[in-house]
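Biologist: I am new to this structure and would like a close look at a single part of it, the packing of one pair of helices. Please take me through that part carefully, and then place it beside the other features.

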Amino acid sequence: MDLVLYARAAPPDRLRVWVGAFGQGDPPTLSWWLDGAAREPRALLPLGSARPADMLPPGVAPRVFTGVYEFAGLAPDTRYTVTLQAGASRTSVPLRTLPASVPNVLGQWFNVLLVSCFYQPEDVTGVAGTIVSQLGGASQPHLALLMGDQVYLDLPTHFLYPADAAGLADKFEADYRRNWLGPEGYARILAAAPSLHIPDDHEYWNNFPNTAPYIANTWTEGGRANWQRAAQAMYTAFQHSYAEPLGSGASLDIAPLSFFLADGRSDRDRGRMHMLGPAELARLEAWVQHVIDAKLFGVFVSGQTLLCDPAGLLAGKLSDYETPNYGDFAPIVRALARLADANRSLLCLTGDVHWGRTTEIRDQLSGRTALREIISSPVSLVDTPVADQIAGARSAFGRWLGGTPDPWPRHPDPQLPPAYFASQVLGNRFACLAPPTHMQRGNHVVMLSFQQSGGGLDMRVTYYPLSLDPSVRRPTVLGPFRLRNSQGTLT
């Protein structure tokens, strides 16, 4: 049996641990130690089969068991050794609690790793995990935000998917197992820092919950229902870390930062009435008020960008609808605009689009920078049959003619943002400065680094290309940008 432990983000006085027992026929008995002393954590999700009983064929073995456990009453920003005995298997892993606040000491930073869109078959050598695992010292991440498409359950496109939920759950569990077990690739990213997760469409299927033209299972109501049940069971087992229901979102404070991760997929409406369920929208409103009352800096994390135009009817049906296509886009952006009204700065973090971009948005009423959006995508680009072959041939032909080699021939160019943020709701109040601060092609991750300074925060943004070519993998460092409470500005 393979036994794996990963830290999940929790309040700074707690250590939250995801457990995976791989290749097991029956649930093992667990015994825990913390720094060598026996200690029983609280079970947030007790160890159980990743595939529920109604999705297991008779006599199935081996399979995966997962759970989430929490040690409380610990010191912030402190390393603990967690030891777990599960049946005959035993493992010890050093895990660190989150700091209680952003440091205010020169040279010390609070580092947040942004990750989105990992397709394992295109990273078989483990480049992404290798590079992320080498981030150390002042670049060591304290927190990782996994912003969707940690798996691609709907690929490969030529796969003949089972019709029943049990068959789908078997395939989906294998997809997660490949990414989570490691030791290379995504497993090293999961091990890099305590993580918070949200899903995007590929945790379900492309353009979930709407029909995907290339997936026959999504053409009928019954097919969609079976796929959704199996996908949600796997997401709950491998990514969901909280006692709250799926689709509730998550929040976390590391003073003076406050994070809200919006799950805009799990409760998304097929008729495009809403992305967030009513309870999650209420939680967003409450979080905005909390940021205002406590004079914090808000960080809104979503699977898709808010800084875009609506998708046209054909593009929405064939590819994916954008956030402005949904009925609750207006209340979401109005809630976030309240932070500008209260002179609170906002960061919007997202992935999904397979390119990176950093954009500054200026409030025309006050002349201040109201928010920045930072996009990090992809970690490993999904393959696109035919288009990839054409791109590769074009790149090879260009090299043959003596042109400069393109290190990312398959990757799309970043798109420019619209002239205004959510103009269909907020008018022309929030202008996107042109050109964007930065545009990034190719596989990459982003590190945000924060330091308290002069009554506010300094922030650096570092793009790390994920390539073994030394001439390509040089990071791009932006900033520092200054966030100041007194004026509510981000400059």
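Modeller: In this predicted model, helix H5, which covers residues 278-294, packs with helix H7, residues 329-341, at an angle of about 10°, and their axes are 9 Å apart. Because angles under 35 degrees count as roughly parallel, H5 is described as roughly parallel to H7. The residues of this contact divide into 11 nonpolar, one polar and two charged. On the H5 side they are Leu281, Leu284, Glu285, Trp287, Val288, Gln289, Val291 and Ile292, and these meet Pro331, Ile332, Ala335, Leu336, Arg338 and Leu339 in H7.

Turning from this pair to the nonpolar core, the largest one has 53 residues, and those with the most contacts inside it are Trp180 and Phe238. Helix H4, residues 221-238, contributes the largest share of this core, eight residues. If residues up to four places away in sequence are not counted, Phe238 touches Arg8, Trp18, Phe22, Ala50, Val64, Thr66, Tyr176 and also Trp180.

There is also a sheet to place beside the helices: an open sheet of four strands, in the order E4-E3-E7-E8, with antiparallel pairing. Its edge strands are E4 (37-38) and E8 (89-96), each of which pairs on one side only. Strand E3, residues 30-34, is joined to E4 by two bridges, and the two strands run antiparallel; Trp33 has Ala38 in E4 as its bridge partner.

Conventions
Residues are numbered from 1 along each chain as its sequence is written. This is a predicted model: local features need pLDDT of at least 70, side-chain atom pairs count only at pLDDT 80 or more; totals for chains, interfaces and linings use all residues. Side-chain values use heavy atoms; hydrogens and water are left out. A nonpolar core is a set of buried Ala, Val, Leu, Ile, Met, Phe, Trp, Tyr and Cys residues joined through side-chain atoms within 4.5 Å. Buried means under 20% relative accessible area, exposed over 50%, partly exposed in between (1.4 Å probe, protein chains only). Contact means heavy atoms within 4.5 Å. Axes are lines fitted to C-alpha atoms, for helices over the stretch in contact, and angles run from 0 to 180 degrees between N-to-C directions. Angles under 35 degrees count as roughly parallel, over 145 as roughly antiparallel, 65 to 115 as roughly perpendicular and the rest as oblique. Ala, Val, Leu, Ile, Met, Phe, Trp, Tyr, Cys and Pro count as nonpolar, Asp, Glu, Lys and Arg as charged, and the others, Gly among them, as polar. Two strands pair if DSSP finds at least two bridges between them.
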